[in-house]
Amino acid sequence: MKVGEMVKLVIAVILTIIAVFLGFLTVKQVVAYHSAKNLYREEDKSKKIKIGFSLGTLKEERWVKDRDIVMAKLKELGAEVLVQNANNDDEDQLKQVKYLLEQKIDVLIIVPNDLEKASYAVSLAQKEGVKVISYDRLVTRSNVDLYISFDNVKVGKFMAEYLVKRVPKGNYLIVNGATTDNNTKMIKEGYDSVLKPFIDRGDIKIVKEDWAPNWMAEYAFNVTDEVLQKGIKVDAIIAGDDALAGGIIEALALHRLAGKIPVVGQDADLAACQRIVEGTQAMTVYKPIDKLAEATARMAMKLARGEKLDVKNTIYDGKYYVPYYVIEPIPVDRSNLDDTVIKDGFHTRDQVYRNISVSR
Ligand code: GAL
């Protein structure tokens, strides 16, 4: 064999050996990578999913239910849940979200106290790759991963539809909730869409439309008392929620008008349901919180696992179109309270009918 051929053969053998060795190394790497990944996946799978729940407030009765049911549903699904209550304080909500992020949460569920100010807290979560669910109230201009709520436009529609059927002509007083809550804009969109033709015809006149900071019942009391003190005739009242309706009806009672002017609200608070069977409040909009909590828990777990959400609907948050999971609210008055609020166990019959003797 000539020297040249010999050299070529030696080079070929060396190259083959190197190639085989590199191949072996690569396979070893790939195997090591996958077993590490499987290990990580096993570890990851065994790592408990951690969910942070930042509530803007627990002031209204419903939020206590939201907190308890969301926590219970998430625990049922195997998650660890950390809850914070900002007590209507924006600074505290930001501090609390920072605390939750330090606890290495996988998903943040937030009820913003302020639709805009909460956006910064959301951006901190997004920077850390934490998924964000805007619960019941929308955090605007933030591109959250999911907005889930009841149809707040329908809430406003149901309120006005109930009143125009009973008071198609007259003076209306409206005390809506906080302007820092995007829901009040949606509720207004709803009642405006129903009242407009009546107003355009001159049948209905809005004597006053006001917005209660932090949804404060005292504020609703003062607005109503002032209007009545001025001797302005009022024929129907829309309250942003049942807590505000409570303040309004207290003022009506002061002027011996409780039960004489129909007042509508939302949330089906226990006190409101009692007022409805006692006749001082006409109607409320019932929002079955367990449906909201159940869907939220299910989708929070999906987001934590990096799974896609099956939400087709979107809503515009002022800058982005975000996935929007919407749940149907239910108008409730004395005629269907038993078949809705009580049947669902939202309140017991004894609790609601506490002040009036009813045939069992
Ligand atoms: C709204 C909510 C209402 C009511 C209100 C006061 O955002 O949709 O159900 O509770 O806050 O907290």
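Okay, let's start with a term: a salt bridge here is a side-chain nitrogen of Lys or Arg within 4 Å of a carboxyl oxygen of Asp or Glu. With that rule in hand, this structure holds 19 salt bridges. And please keep in mind that what you're looking at is a predicted model.

So, how is the chain divided? There's domain 1, made of 50-144 + 290-327, and domain 2, made of 152-287 + 331-353. Notice that each domain is written as two stretches of the chain. If you take the C-alpha centres of domain 1 and domain 2, they lie 28 Å apart. Where the two touch, domain 1 brings 15 residues to the contact and domain 2 brings 20.

Let's stay at that interface for a bit. The area buried between domain 1 and domain 2 comes to about 1300 Å², and carbon and sulfur atoms give 45% of that.

How many salt bridges does the rule find across the interface of domain 1 and domain 2? Just one salt bridge turns up there. Its partners are R137 and D181, with the closest N and O atoms 2.9 Å apart. Have a look at where they sit: R137 is in the loop between β4 and β5 (146-150), while D181 is in the loop between β6 (170-176) and α6 (182-200). That's a link between distant parts of the chain, 44 residues apart.

Polar contacts cross the interface too, and the rule finds seven residue pairs of that kind between domain 1 and domain 2. On the side of domain 1 that touches domain 2, helix α2 (residues 61-76) gives the most, with three residues. And what is that side of domain 1 made of? Its residues split into eight charged, four nonpolar and three polar.

Okay, on to rings. Searching the whole structure gives four aromatic pairs. One of them is F53 with Y135, which is edge-to-face: 5.5 Å centre to centre, with 70° between the planes. F53 lies in strand β1 (residues 50-55) and Y135 in strand β4 (residues 131-135), so this pair ties together parts that are 82 residues apart in sequence.

Last stop: L94, which you'll find in helix α3 (residues 90-102). Which residues is L94 in contact with, leaving aside its neighbours within four places in sequence? Those are Y120, A121 and L124. For a sense of distance, try picking out K169 as well: L94 and K169 are 75 residues apart in sequence and 46 Å apart in space, C-alpha to C-alpha.

That's my tour, thanks for listening!

Conventions:
Residues numbered from 1 in each chain as written. Predicted model: local features only at pLDDT ≥ 70, side-chain atom pairs only at ≥ 80, totals over all residues. Heavy atoms only, no water. Domains from an automatic or database assignment. Contact = heavy atoms within 4.5 Å. Buried area = accessible area lost by both parts, 1.4 Å probe. Polar contact = N/O pair within 3.5 Å; in protein donor to acceptor, adjacent residues only side chain to side chain. Helix = DSSP H or I, 4+ residues; strand = E, 2+ residues; numbered from the N terminus. Nonpolar A, V, L, I, M, F, W, Y, C, P; charged D, E, K, R; others polar. Phe/Tyr/Trp six-rings, centres within 6.5 Å; stacked < 30°, edge-to-face > 60°.
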